[in-house]
Amino acid sequence: MPKVRNIVKPFKAPDPLGMYSLAVRTDGQDLLLLSGQLSVDKDGNTVGVGDVGVQAKQVFDNIGAALEDSGASYDDILKLTTFLVGEESLAGFTEARTTFYPEIFPDGDYPPNTLLLVSGLAKPEFLVEVEVIAAAK
């Protein structure tokens, strides 16, 4: 099956500063838009209160489940938008991401990502939220 996420490697623009790609191209695909995923388990319980790394892992597990339920996979992600509560969450999120990103993106072609530091999310215990644009099959 051909890849739907074709990474655009910059020649004139600067290289990405982290685990993301500068741009991605997809041809002839419908889009799947996932609302922001939070660190909530299947029973609605908040996972990892106070631990942004544990929350990030749960968020990406939820993303994987939502993609699978929609007939897609991590390979179909075209763009991520990450919301982190406070600058103090950045180091823990980055550290956690270095452990699970290679598992979910084994080819090292990470989707583009915009990371925003915010003052809060829907509930005070949430430290990270990620929304996704993916190619639909």
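Here is a short chat about how to read the predicted model shown above.

Visitor: Let's start with the overall build. How many helices and strands does the chain have?

Guide: Going from the broad view to the details is a good habit. This chain has two helices and six strands. If you follow the sequence from start to end, they come in the order β-β-β-α-β-α-β-β. The radius of gyration is 15 Å, close to the 14 Å that the globule rule gives for 137 residues, so the chain is as compact as a globular protein of that length.

Visitor: And what box do the C-alpha atoms fill?

Guide: Along the principal axes, that box is roughly 40 × 35 × 25 Å.

Visitor: What percentage of the residues is buried?

Guide: Here, a residue is called buried when its relative accessible area is under 20%. Buried residues make up 42% of the 137 in the chain. As for the surface, the chain exposes about 7600 Å², and carbon and sulfur atoms supply 54% of that.

Visitor: How do I read the contacts? What share of them joins residues 24 or more positions apart?

Guide: Take the contacts with a separation of 6 or more: residues 24 or more positions apart account for 76% of them.

Visitor: Now the charges. How many positive and negative side chains are there?

Guide: The chain has 11 positive and 20 negative side chains, and the centres of the two sets lie 8 Å apart.

Visitor: Why would such side chains pair up?

Guide: Side chains of opposite charge can pair when their charged atoms come close. In this model the count comes to one salt bridge, taking 4 Å as the cut-off. The side chains of Asp61 and Lys57 meet there, with 2.6 Å from N to O.

Visitor: Where do Asp61 and Lys57 lie?

Guide: Both belong to helix H1, which covers residues 52-69. They are four residues apart, about one turn of the helix. Asp61 is partly exposed, with a relative accessible area of 33%. Lys57 also counts as partly exposed, at 33% relative accessibility.

Visitor: Let's try a loop. Where is Pro16 found?

Guide: Look between strand S1 (6-8) and strand S2 (23-25): Pro16 sits in the loop joining that stretch. At 27% relative accessibility, Pro16 counts as partly exposed.

Visitor: Which residues does Pro16 touch?

Guide: Leave out residues up to four places away in sequence, and Pro16 touches Ser21 and Leu22. You can also check a pair along the chain: Pro16 and Glu95 are 79 residues apart, and their C-alpha atoms are separated by 17 Å.

Definitions and conventions
Residues are numbered from 1 along each chain as its sequence is written. This is a predicted model: local features need pLDDT of at least 70, side-chain atom pairs count only at pLDDT 80 or more; totals for chains, interfaces and linings use all residues. Side-chain values use heavy atoms; hydrogens and water are left out. The radius of gyration is taken over C-alpha atoms; the globule rule is 2.2 Å times the number of residues to the power 0.38. Buried means under 20% relative accessible area, exposed over 50%, partly exposed in between (1.4 Å probe, protein chains only). Contact means heavy atoms within 4.5 Å. Accessible areas come from the Shrake-Rupley method with a 1.4 Å probe; for residues, only the protein chains shown count as cover. Lys and Arg count as positive and Asp and Glu as negative; His and the chain ends are not counted. The place of a charge is taken as NZ of Lys, CZ of Arg, CG of Asp or CD of Glu.
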